[in-house]
Structure formats: structure tokens, C-alpha cells
Amino acid sequence: MSALRVISAMSGGVDSSVATARMIDQGHEVVGIHLALSRTDSNGKGRGCCTLDDARDARRVADKLGIPFYVWDFSTAFAESVMDNFHSEYAQGRTPNPCLRCNEKIKFSAVLDRALALGFDAVATGHYAQIEHGPDGVELHRAIDPLKDQSYVLGVLTQAQLTHSLFPLGGDTKVRIRQEAEERGLITAKKPDSHDICFIPDGDTAGYLVRKLGEQPGDITDAATGKVLGRHSGTFTVTIGQRRGLNLTVPAEDGAPRYVVDIDRESGTVIVGAPELLDVDFIRAINPIWAGAPLGPDAVDVSAQVRAHAEPVPARAYVHDGELWINLSESIRGLAPGQAAVIYSGTKVLGSATVASTNRVGKHTSLHES
Amino acid sequence: MQRVYLDHAATTSMLPEARAAWLEVSEQVGNASSLHTSGRAARRVVESARESIAEDLGIRPSAVIFTGGGTESDNLAIKGLYWARCAQMGTRPLTLVTSAIEHHAVLDPVLWLVQHEAAMVEFVTGDAVGRVGLGEIESALDRGNVALVSIMWANNEIGAIQPIHEIAALCKKFNVPFHTDAVQALGQIPMNLSALDAAAVTISSHKIGGPVGVGALLVDPTVKFTPVQHGGGQEREIRSGTFDPASIAAFAAAIRYCVSVLDEHGENLRELQEYLISAITSAVPEAILNGPPPGETRLPNNTHFSFPGCEGDSLLMLLDAAGIDCSTGSACTAGIPEPSHVLLSMGVDEKTARASLRFSLGRDSSKEGIDQLAQALPGVVDRAQRAGSVSA
């Protein structure tokens with residue numbers, strides 16, 4: 001690869017630190033950028049950032065690597081494209097993935113667009129995924145480390161975006177990356193991985209949503225009997241497939257554990273029942289995004305993944321009326337509207353779409369109509 | 001590639017005179033508040049520096065209160081005067097009169113008093129070139145209950161020199177203490193404080209070629225200040241804390257040098273300023289000069305431009321890559337650029353305010369450096385405009 005002018009998105013974590021170092025080693029002209037995304041306004045002026053430590057770590061890694069470093073403020077775009085969307089999706093009873101949305105709208109859109117306009121050729125990140133050059137263009141593939149593979153959250157990228165994306169870590173394991181960070185003397189080498197949504201640092205999504213959307217209490221009812229078993233403080237505080245933390249006051253007649261199997265946003269009711277009620281074998285997903293050539297009306301063999309760390313399942317997928325329809329060969333338990341379904345051919349990402357409704361195993365009526 | 005430093009208003013290179021003074025004193029041991037021979041020797045350095053500064057600026061040595069820099073001096077002036085005036089007048093809250101174009105080191109202590117002590121504030125606005133109106137100050141004073149008036153001598157972003165003597169005379173008429181932040185004015189324009197009726201004047205060392213971390217509040221010794229920082233009782237108990245004789249000596253040496261070459265320095269910079277302005281406007285015809293026209297009402301080291309359609313942080317980054325250091329305005333600790341409150345208060349819209357850069361000249365600035373800027377600018381502006389249009 002000839003030398004490129006590369007913007008390296010430096011979160012202040014170990015992965016993007018090593019990714020940046022590797023880009024430099026490959027002879028590219030690299031500028032480090034830390035994205036200021038969510039901002040706290042605890043001092044009433046909106047000048048504080050919730051990630052000051054991360055910004056500092058990123059800066060110190062850039063210092064060590066001897067590259068220019070800047071902070072780019074995308075907090076307004078992030079609030080509009082990611083956080084507002086997160087709130088409204090939950091308010092409408094859906095389960096969005098903000099990281100995926102951020103990749104789609106911020107990192108590989110707003111940031112990439114700015115980088116290209118400024119004369120850069122590509123944006124590099126510390127995501128675990130691989131770019132390969134196939135006969136029909138650039139392909140996005142799974143990382144070799146199945147525990148770290150992040151191709152799912154990159155499934156929203158188009159061919160145009162992938163053409164200008166670099167993922168230097170996808171051919172390595174996390175263990176190896178940490179070792180390398182240590183060998184390179186990067187201060188982020190021992191930094192723990194972040195798992196939380198960046199604007200909900202305490203990990204309490206339900207509490208966050210109650211603060212944002214207000215309490216909207218309602219009944220929790222039994223799927224079989226229709227009996228009221230408890231109360232919730234907002235349909236957005238529970239997720240399809242959730243078992244813990246429901247505080248049910250009436251035990252089940254059969255004593256079996258009960259799961260959230262449906263959310264009726266109209267009446268504000270959360271319905272719980274046996275886990276079998278969660279098994280789905282058909283997904284109707286809308287607004288598909290294709291990494292390369294789009295699928296057509298003829299079904300093809302794919303594997304489908306519906307969560308960042310879910311096992312992919314074999315499936316047949318096709319496009320119907322502009323929607324992505326997926327027949328699952330094995331059922332998936334617990335799938336909520338709003339989640340992204342990413343489909344693969346082997347390790348290659350074909351595309352993704354947003355789950356609109358699903359069919360329960362053995363039923364032909366839609367359980368979770370959006 | 002030779003780097004071109006055009007951010008002297010942020011900080012400027014240290015003068016050899018200042019460095020020599022610092023190194024010499026740094027070899028001495030002794031706390032200037034100690035009573036023994038070494039302590040007295042350290043104290044001698046501090047007092048000589050105090051006399052030197054007083055002589056150069058036309059004040060009495062007792063008027064010089066050494067501090068840790070401009071921000072500390074401003075905090076001491078604003079809070080110290082406010083609290084002393086409340087105690088004196090036996091009433092609170094009182095009103096603070098200041099301008100919307102002040103540095104954050106003045107604005108934030110004022111807003112702190114508003115938030116925490118229910119102080120009232122009247123913001124005098126700047127006109128289209130960033131000069132504050134005397135009429136607004138007079139009507140604010142006329143309404144009474146004013147604790148103090150604080151108006152900067154010259155603005156740090158757009159270089160507007162304020163009618164400081166007229167404002168001081170107004171304050172005297174109403175018998176209200178007047179503070180001015182003169183951090184940007186010192187070393188750039190004549191500053192004879194004997195002719196100024198001010199209760200307090202803020203100055204800082206590193207803006208004129210002294211070390212960072214030392215400054216002074218020049219006070220009218222008859223005016224009472226409530227201390228902000230309590231401790232060993234140095235500086236007539238107005239500012240506690242161990243003296244830093246090396247930095248204080250270097251500060252005095254820098255002032256001595258700047259005052260001695262002031263006329264020549266001003267002439268040189270005015271010529272370079274003109275050269276810089278015409279270089280920028282020929283390179284980028286759509287560029288807009290913010291602030292007063294070059295001349296008596298503008299600092300000789302300051303130029304400030306808006307480049308319509310660009311983003312200031314993109315401009316800064318691309319110029320940085322082209323070897324040129326300049327600045328966009330105030331920044332938070334994480335380095336996120338905010339649109340300038342100074343430009344906003346002058347009526348500039350937020351988009352144009354974000355499209356702005358300050359180029360400030362210093363002793364080592366040259367026409368060659370300005371040529372390098374002019375050569376880089378058209379390409380840089382073109383790219384920053386494209387970046388501005390994709391993120392709009």
C-alpha cells in the first residue's frame with residue numbers, strides 16, 4: 001500500500017493506540033484525532049467533557065508516537081444523530097444500538113467527510129475487523145479473534161465508506177494487541193476495555209432513560225393468563241428477553257422463570273412469559289445498508305447476527321419490497337425491534353438492516369410489529 | 001521547514017535579559033520572608049524588582065503586588081475589590097460593571113460572584129469593532145450601588161484598545177474603583193500609570209518575554225482589598241504565598257527591556273502588521289479583518305480574521321501542518337474550540353465567529369514568515385471551506 005494521509009481516531013483506549021502506531025509503521029502520514037462526543041454540563045457552561053482522562057491518554061499516546069494531535073468536537077452531531085435517536089427509539093419501544101449508529105453517522109460519516117475534505121485519504125480506527133480487496137471492490141470481514149470481532153457494529157458502512165476505512169487490528173488477537181502496546185511503551189497498554197455506552201458511564205441504561213424520558217409506569221402482565229404480576233417504571237426500562245430486575249410480586253403458577261416476551265407500547269404494558277415465546281425464526285428488517293452489491297429477490301445462504309456478541313445463525317435472506325427478509329435455519333431467542341441484523345457470507349459482511357418485526361417459531365403472525 | 005510562530009499573544013519567547021536574571025537569582029538560597037542574611041538577600045531581589053517595575057510604569061513600589069500571573073491578579077482584583085466594597089458600604093449585593101469582551105479571567109470571577117453571592121452585573125457591550133461605549137458605563141454608574149468597574153485595556157482576541165483613561169475618569173467622578181486587565185497592553189503600547197486613576201491594573205510576565213507563572217496586580221495603596229488567598233501574610237496580607245525571587249527578577253528585567261524599546265518595537269510591529277494584513281487580504285480576498293483598523297485603537301501585534309465558510313479548527317490544523325502556529329480563540333481543557341464570545345458580542349454570527357483565526361506578532365516575526373503564511377493560506381482556506389461545507 002502506498003503512503004496515505006490518514007486520520008487516526010484515538011479514543012484513548014489500547015486498541016486505537018496500537019492501531020495508530022501500526023499506521024505510522026506502515027509509512028502513512030498520520031494525524032491523531034480524539035472525538036469529543038458527549039459533553040457534560042455540570043458546570044453549567046457545557047465546557048466540561050466526560051472523557052477528559054481518555055482525551056489525555058490519547059494525547060499522550062500521540063506525543064509518544066510523535067504525531068500531531070487534535071480534539072475534534074462532534075458533540076452537537078453526536079447529540080442529534082446518536083443520543084436523540086437513542087432516546088426516541090426507546091420511547092417508541094425499540095432497542096437501538098448507539099455504537100452502530102455512531103459508526104454510521106459520526107465516525108465513518110461526519111468525521112470521514114471532514115477528513116476527506118481536509119485532504120486526507122482515510123480514517124483508521126481500532127475496531128477489530130478486516131478490510132480485503134475483492135474483485136468487486138472493498139470487502140469488510142470478521143476479525144480473526146472471535147471474542148473481539150466488531151464487524152457487527154461496522155455492518156452499517158457502505159462501499160463508499162469502506163473504501164476510505166482502515167482497521168489495522170483485525171488480523172490479530174486482543175491479547176497480542178495488549179502485548180504490543182506494552183512493548184511499544186504506550187500508557188494505555190493496561191487500560192481496561194470499555195463496555196458501557198459512552199454517554200451512560202455507570203452502565204445503568206434503565207436509570208438513564210427514566211431521567212431522560214420521565215417515569216411512565218405501567219403493568220407487567222402474564223402472557224398466558226393476562227394477570228397483572230407487577231409494575232414497571234417505563235417500557236423503555238426493560239428489554240425483550242430480560243429476566244432479572246423485573247421485581248414481580250406474584251410468583252408464576254408453575255414456578256418457572258419468566259422473561260419479557262413483548263412490549264405493548266400503546267397500553268404501556270410489559271408482557272412476560274415462558275422463554276419459548278422468545279424464539280423467532282423469521283426477521284423482517286427495514287432500511288437495509290449494503291457493504292457491496294445488494295441482495296435481490298432470490299434467497300441466498302447467509303449467516304445472520306443480531307447482537308454485537310451473539311452467535312451467528314445460518315439463514316436464507318432476500319430483499320422483498322425494499323426490505324431485508326431473513327428466514328432463520330435455527331431459531332434466535334429474544335430479539336427486539338430496533339436491533340440491527342447483520343448478514344454475512346462466510347466472514348464477509350453483506351449488509352445490515354434494522355429489525356422491524358419477527359415471527360415466533362411455528363407462528364405466522366407477527367409478534368413484535370413495529 | 002522553518003516554523004512560523006504567530007501566536008505571541010498567547011505567549012512569547014523569553015527575552016535573554018529575563019533568562020539571565022532568572023538564572024542568576026536561581027543560584028541563591030533563601031526565603032524572601034526569612035529574617036536571616038540569606039532571606040534578606042532574597043528579599044533584596046524582590047524589592048529591587050518591585051522598584052524597577054514601579055519606576056518603569058510610573059507608580060510607587062508599594063503599588064506592586066506580585067502574584068502567580070494574570071488570572072490570579074484578575075481574581076484578586078474582582079473578588080478582592082467586590083468583598084472590600086461590600087464591607088465598606090455595609091450592603092450587599094452590589095453591582096459589577098464589566099464588558100462582554102473581557103477575558104475569561106475577568107468574566108468567570110464576575111459570574112462566580114453572581115452565582116454564589118447573588119452579585120449583580122451589568123455587561124457593557126462592544127461596538128462592531130470591539131470598543132466599549134462610555135455612555136453605557138456612565139449610565140450603569142449613574143444607577144448606583146456599583147462595587148467596581150472592570151474594563152480591559154486592550155482586547156486579547158481582536159486587539160481593540162479601550163478608552164481606558166476616559167473610563168477611569170468616569171469612575172473617579174462616581175467614586176467607584178476601577179480595574180483594568182492590561183495583560184495584552186503591557187509592552188505593546190505606552191502605559192504611564194501615574195496618569196491613570198485606577199484602583200488595580202493586572203499585568204503578566206510571560207506575555208512580554210518573562211517566565212510563565214508570575215504577574216502582578218498594581219494597586220492604588222489607599223484602596224482596600226479583601227484577600228482571596230490566605231496564608232503567610234506576604235504583600236501586605238493581600239496576597240499570601242512565598243515570593244519567587246527568580247521569576248520576579250526576570251519579570252522586572254522583561255518590563256525594563258520592553259519599556260526601553262517600546263517606540264521602536266511599536267513601529268516595527270505596525271509595519272509588519274500592515275504587511276500581514278495586506279498579505280492575508282491578497283491571498284484570500286474574502287477574508288474579513290475583525291476589530292479596529294490598524295492605528296491608535298488597535299494593538300500593533302494583533303490581527304484577527306474571519307475566513308467565511310471555513311472552520312477555525314480546520315484552518316488551525318492545516319496551517320499547523322504547513323508550519324504555522326496561530327490560534328482560534330478560547331479553548332476548554334480538552335482543547336475543544338468554542339466560538340469566540342468576543343466576536344459574538346460584537347454582533348458576528350456564530351458561523352463566522354467559528355471561521356476565525358488570530359495571528360499575533362512578536363519580536364522574532366518577519367516578512368519571510370508572513371510570506372510563508374500567505375503562500376499556504378489559499379490552499380488551506382479552500383480545504384477548510386470544503387470541510388466547513390460537509391459538516392454544516
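What follows is a short exchange on chain B, its two domains and one of its sheets. The model is predicted: local features need pLDDT of at least 70, side-chain atom pairs count only at pLDDT 80 or more, and totals for chains, interfaces and linings use all residues. Residues are numbered from 1 along each chain as its sequence is written, with chains lettered from A and ligands numbered from 1 in the order in which they are written.

Me: How far apart do the C-alpha centres of domain 1 and domain 2 of chain B lie?
Reply: The bounds come from an automatic or database domain assignment. Domain 1 covers 16-260 and domain 2 covers 262-390. Between their C-alpha centres the distance is 28 Å.

Me: Which class, nonpolar, polar or charged, has 12 residues on the side of domain 1 of chain B that touches domain 2?
Reply: Contact means C-beta atoms, placed from the backbone, within 7 Å. Domain 1 gives 22 residues and domain 2 gives 21. Ala, Val, Leu, Ile, Met, Phe, Trp, Tyr, Cys and Pro count as nonpolar, Asp, Glu, Lys and Arg as charged, the others, Gly among them, as polar. On the domain 1 side, 2 are charged, 8 polar and 12 nonpolar.

Me: Which strands are the edges of the open sheet in chain B?
Reply: Strands are DSSP runs (E, at least two residues; helices are H or I, at least four), numbered from the N terminus. Pairing needs at least two DSSP bridges. The mixed order is β2-β8-β7-β6-β5-β3-β4. Pairing on one side only marks β2 (64-67) and β4 (120-124).

Me: What is the bridge partner of B:T95 in β5(B)?
Reply: Strands β3 (95-99) and β5 (146-150) of chain B pair in the parallel sense over 4 bridges. The partner of B:T95 is B:V146.

Conventions: Two residues are in contact if their C-beta atoms, placed from the backbone, lie within 7 Å.
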